[in-house]
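The report below describes a protein structure, going from individual side-chain contacts to the overall fold. Please read it alongside the sequence and the coordinates shown here.

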Amino acid sequence: MHTQSAEDTASSVIPPIQPTMPWRVTAVRPLDDYRFHVRFLDGLESEVDR
């Protein structure tokens with residue numbers, strides 16, 4: 001059995017991929033009581049309850 005690993009070509013995409021959709025999540029932080037704090041690409045941030 002012969003296996004080869006594929007080379008990562010995502011970094012060679014020209015032009016580079018730039019996420020632009022405002023609902024893209026940029027940061028998530030867990031909080032107490034099954035909640036989390038989320039920040040989106042457009043700057044909107046809030047706490048979310050399960």
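## Salt bridges

Glu45 and Arg39 meet through their side chains in a salt bridge, with an N to O distance of 3.4 Å. The model is a predicted one, and the distances and areas in this report should be read with that in mind. Neither partner of this pair is buried, because Glu45 has a relative accessible area of 40% and is partly exposed, while Arg39, at 34%, is likewise partly exposed.

The structure holds two salt bridges, and another one of them joins the side chains of Glu47 and Arg35 at 2.5 Å, again taken from N to O. Since Glu47 belongs to strand 3 and Arg35 to strand 2, this pair ties together parts that lie 12 residues apart in sequence. Glu47 is partly exposed, with a relative accessible area of 49%, and Arg35 also counts as partly exposed, at 28% relative accessibility.

## Strands and their pairing

The protein contains three strands and zero helices, so that its elements, read from the N terminus, follow the order β-β-β. Strand 1 covers residues 25-31, and it runs antiparallel to strand 2, which covers residues 35-40, with six bridges joining the two. Within this pairing, Pro30 has Phe36 of strand 2 as its bridge partner.

Strand 2 is in turn joined by five bridges to strand 3, residues 45-49, and these two strands also run antiparallel. Here the bridge partner of Arg35 is Asp49 in strand 3, while the side chain of Arg35 takes part in the salt bridge with Glu47 described above. As a general point, the side chains of a regular strand alternate between the two faces of the sheet.

## The two turns

Which residue in the turn between strand 1 and strand 2 has a positive phi? These strands form a hairpin with three residues between them, and the residue concerned is Asp33, whose phi is about 60°. The hairpin made by strand 2 and strand 3 has four residues between its strands, and in its turn Gly43 has a positive phi of about 95°.

Gly43, which lies in the loop between strand 2 and strand 3, counts as partly exposed because its relative accessibility is 44%. Although Gly43 and Thr26 are 17 residues apart in sequence, their C-alpha atoms are 8.9 Å apart in space.

## Surface and contacts

On the surface, Val25, Val28 and Phe36 form a nonpolar patch whose members together have about 250 Å² of accessible area. Val25 lies in strand 1 and, at 48% relative accessibility, counts as partly exposed. Phe36, another member of the patch, is the residue that was named above as the bridge partner of Pro30.

For the protein as a whole, the exposed area is about 5,000 Å², of which carbon and sulfur atoms supply 54%. How much of the protein counts as buried? Of its 50 residues, 4% do so, where buried means a relative accessible area under 20%. Among the contacts with a separation of 6 or more, residues 24 or more positions apart account for 0%.

Definitions and conventions
Residues numbered from 1 in each chain as written. Predicted model: local features only at pLDDT ≥ 70, side-chain atom pairs only at ≥ 80, totals over all residues. Heavy atoms only, no water. Patch = residues over 30% accessible without salt bridge, like charges linked within 9 Å, V, L, I, M, F, W, Y side chains within 5 Å. Areas by Shrake-Rupley, 256 points an atom, 1.4 Å probe, with all protein chains shown as cover. Salt bridge = Lys/Arg side-chain N within 4 Å of Asp/Glu carboxyl O. Buried < 20%, exposed > 50% of the residue type's maximum accessible area, 1.4 Å probe, protein only. Contact = heavy atoms within 4.5 Å. Pairing = 2+ DSSP bridges.
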